[in-house]
Amino acid sequence: MTPQAILDFNESGLTFAHLEREGLVRYVAPDELSALFPSMITPSAVTGGVELRYYGLSEENHPLPIDYCRYKIYWKPQTGFAAHAKDTRPKYIQPPQTPNRLYIPPVTDWATVLEDASQTVAITEGISSVGRASYRDWE
């Protein structure tokens with residue numbers, strides 16, 4: 001696990017260990033990232049990554065794992081001339097030819113939320129923002 005990944009999750013108010021135990025995230029080694037994204041990543045370019053698992057809703061509006069995930073990439077620092085330019089490497093990637101999807105936090109009682117129009121639903125950009133909003137009292 002990369003130290004930066006642990007810091008990222010800790011800064012969001014979550015712990016990687018807890019999310020990993022719940023099956024929501026997992027560490028991905030450089031070799032595996034390279035195998036998943038051979039045209040984008042070489043093992044020597046990254047320190048690792050985190051697989052972020054996505055959920056949908058069942059017919060009863062309960063969270064249900066789906067066959068979709070995105071990856072937060074932890075790139076090694078650029079060297080030479082590139083170190084002085086803006087880093088344009090993507091922070092998050094997903095398998096080619098897959099659409100973007102809504103991240104539905106599995107810790108939310110969606111059946112209750114969707115049955116009660118007075119419930120507040122916040123739409124944010126980014127899984128970290130969702131984490132801060134949804135998982136704060138979960139641990």
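**Four strands, two cores and some unusual residues**

Modeller: In the structure above, 4 strands form an open sheet in the order β1-β2-β3-β4, and their pairing is antiparallel. This is a predicted model, in which local features need pLDDT of at least 70 and side-chain atom pairs count only at pLDDT 80 or more, while totals for chains, interfaces and linings use all residues. Residues are numbered from 1 along each chain as its sequence is written, and side-chain values use heavy atoms, with hydrogens and water left out.

Colleague: What makes β1 and β4 the edges of this sheet?

Modeller: β1 (25-28) and β4 each have a single partner strand, so one side of each is left without a neighbour in the sheet.

Colleague: How do you know that β3 and β4 are paired?

Modeller: Strands here are DSSP runs of type E with at least two residues, just as helices are runs of H or I with at least four, and both are numbered from the N terminus. Two strands pair if DSSP finds at least two bridges between them; β3 and β4 have 2 bridges in the antiparallel sense, and therefore they fulfil the condition. K72 stands opposite Y92 in β4.

Colleague: How many bridges join β2 to β3?

Modeller: There are 10 bridges between β2 and β3, which run antiparallel, and G49 stands opposite I73 in β3. These two strands form a hairpin with 5 residues between them.

Colleague: What makes N61, in the turn of that hairpin, worth a remark?

Modeller: N61 is found in the loop between β2 and β3 (63-75), and its phi is near 65°, a positive value in a residue other than glycine. Most residues other than glycine have a negative phi. Another residue with a positive phi near 65° is Q97, which lies in the loop between β4 (92-93) and α4 (110-115).

Colleague: Why is N61 called partly exposed, and why is Q97 called exposed?

Modeller: A residue is buried if its relative accessible area is under 20%, exposed if the value is over 50%, and partly exposed in between (with a 1.4 Å probe and protein chains only). N61, at 25%, falls in the range in between and so counts as partly exposed, whereas Q97, with 82%, is over the 50% limit and is therefore exposed.

Colleague: How do you know that F16, which lies in helix α2, is buried?

Modeller: The relative accessibility of F16 is 7%, which is under 20%, so F16 counts as buried. The C-alpha atoms of F16 and R26, 10 residues apart along the chain, are separated by 8.5 Å.

Colleague: Which residues make up the largest nonpolar core, and what makes it a core?

Modeller: A nonpolar core is a set of buried Ala, Val, Leu, Ile, Met, Phe, Trp, Tyr and Cys residues joined through side-chain atoms within 4.5 Å. The largest one has 11 residues: A5, F9, L14, F16, L19, L24, V25, V50, L52, Y55 and Y74. The elements that give two or more residues to this core are α1 (3-11), α2 (16-21) and β2 (46-57), and β2 gives the most, with 3 residues. Apart from it lies another core of 10 residues, among them V28, I73, W75 and I93.

Colleague: Why is E51, in strand β2, called buried?

Modeller: E51 has a relative accessible area of 7%, and this value is under 20%, so E51 is buried. Leaving aside neighbours within four places in sequence, E51 is in contact (heavy atoms within 4.5 Å) with L24, V25, R26, V28, C69, R70 and Y71.

Colleague: What makes the approach of E51 to R53 a polar contact?

Modeller: A polar contact is a pair of N or O atoms within 3.5 Å; within protein, one must be able to donate a hydrogen and the other to accept it, and residues adjacent in sequence count only if both atoms are side-chain atoms. The side chains of E51 and R53 come to 2.6 Å, so this pair lies within the limit.

Colleague: How do you know that S34, found in helix α3 (residues 30-36), is buried?

Modeller: The relative accessible area of S34 is 15%, which is under 20%, and therefore S34 is buried. A polar atom of the S34 side chain lies 3.1 Å from the backbone oxygen of I41, and, leaving aside neighbours within four places in sequence, S34 is in contact with I41, T42 and P43.
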